[in-house]
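Here is a short report on one protein chain. It starts from a single residue, moves out to the strands, and ends with the chain as a whole.

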Amino acid sequence: QVQLVESGGGSVQAGGSLRLSCEASGRMFSTYVMGWFRQAPGKEREFVTAISGSGFITSYTDSVKGRFTISRDNAKNTVYLQMNSLKPEDTAVYYCAAKNGLRRGAWPMPKAPSEIDAWGQGTQVTVSS
């Protein structure tokens, strides 16, 4: 099973930016659909964005479109989340997620957390007004 380690969280003012990184260990990183979920206090974990194994296809939840960008560097086994124009509503713990792309149901990436194959440890993003 792929293991994921996240970094890059922190506290910023509204309108600011952060870049999250998620480094994967294991073989054949490029075969995994990668994505990000987030969970705010008192709320369920929700899908944010995903990227195909090749990096050519992406998807975003409506609330972050135009502000967040997901990317990946398969040579470095790393996926990134660039977050711009951050809002207080973006405050949450952000989790990197992996889904084995060699099996059915990998794309679109499942929205249900129970369908995800591996999770990062989570990194806190706090946006103040």
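This is a predicted model. Start at Ala97, which sits in strand S9, residues 92-100. Is Ala97 buried or exposed? Its relative accessible area is 0%, so Ala97 counts as buried, the cut-off being under 20%. Beyond its neighbours within four places in sequence, Ala97 touches Leu4, Val33, Met34, Gly35, Phe37, Met109, Ile116, Ala118 and Trp119. Gly122 comes 25 residues away from Ala97 along the chain, and their C-alpha atoms are 9.9 Å apart.

**Strand S9 and its partners**

The setting of Ala97 fits that of its strand. In S9, 7 of the 9 residues are buried, so the strand is largely enclosed by the rest of the structure. S9 pairs with S4, S10 and S11, as the table shows.

| Pair | Sense | Bridges | One residue pair |
|---|---|---|---|
| S4 and S9 | antiparallel | 8 bridges | Trp36 and Cys96 |
| S9 and S11 (residues 123-128) | antiparallel | 3 bridges | Ala92 and Val125 |
| S9 and S10 (residues 118-119) | antiparallel | 2 bridges | Ala98 and Ala118 |

Ala118 turns up twice. It stands opposite Ala98 across the S9 and S10 pairing, and it is also among the contacts of Ala97.

**Arg38 in strand S4**

Now cross to S4, which covers residues 32-39 and holds Arg38. What is the relative accessibility of Arg38? The value is 5%, so this arginine counts as buried. Two polar contacts involve its side chain. One reaches the side chain of Tyr94 at 2.9 Å. Another reaches the side chain of Ser63 at 3.4 Å.

Leaving out neighbours within four places in sequence, Arg38 has a long contact list. It includes Glu44, Arg45, Glu46 and Val48. Ser63, Val64 and Phe68 are on it too. So are Asp90, Ala92, Val93 and Tyr94. Ala92 is also the residue of S9 whose bridge partner in S11 is Val125.

**The four-stranded sheet**

Another part of the fold is an open sheet. Which strands form it, and in what order? There are 4, arranged S1-S3-S8-S7, with antiparallel pairing. Strand S1 (3-7) and strand S7 (68-73) are the edges, each pairing on one side only. From one strand to the next, the twist averages 20°.

Inside this sheet, S3 (residues 18-25) and S8 (residues 78-83) pair over 6 bridges, in the antiparallel sense. Arg19 has Gln82 in S8 as its bridge partner.

Two residues of these edge strands have appeared already. Leu4 is a contact of Ala97, and its number falls within S1 (3-7). Phe68 is a contact of Arg38, and its number falls within S7 (68-73).

**The whole chain**

How many helices and strands does the protein chain have? There are 0 helices and 11 strands. The radius of gyration is 14 Å, which agrees with the value near 14 Å for a compact globule of 129 residues. Along the principal axes, the C-alpha atoms fill a box of roughly 45 × 30 × 25 Å.

Of the 129 residues, 43% count as buried. The accessible surface is about 6700 Å², and 47% of it belongs to carbon and sulfur atoms. Among contacts between residues at least 6 apart in sequence, 60% join residues at least 24 apart.

Key: Residues numbered from 1 in each chain as written. Predicted model: local features only at pLDDT ≥ 70, side-chain atom pairs only at ≥ 80, totals over all residues. Heavy atoms only, no water. Buried < 20%, exposed > 50% of the residue type's maximum accessible area, 1.4 Å probe, protein only. Polar contact = N/O pair within 3.5 Å; in protein donor to acceptor, adjacent residues only side chain to side chain. Contact = heavy atoms within 4.5 Å. Pairing = 2+ DSSP bridges. Axes fitted to C-alpha atoms, helices over the stretch in contact; angles between N-to-C directions. Rg over C-alpha atoms; globule rule 2.2 N^0.38 Å. Areas by Shrake-Rupley, 256 points an atom, 1.4 Å probe, with all protein chains shown as cover.
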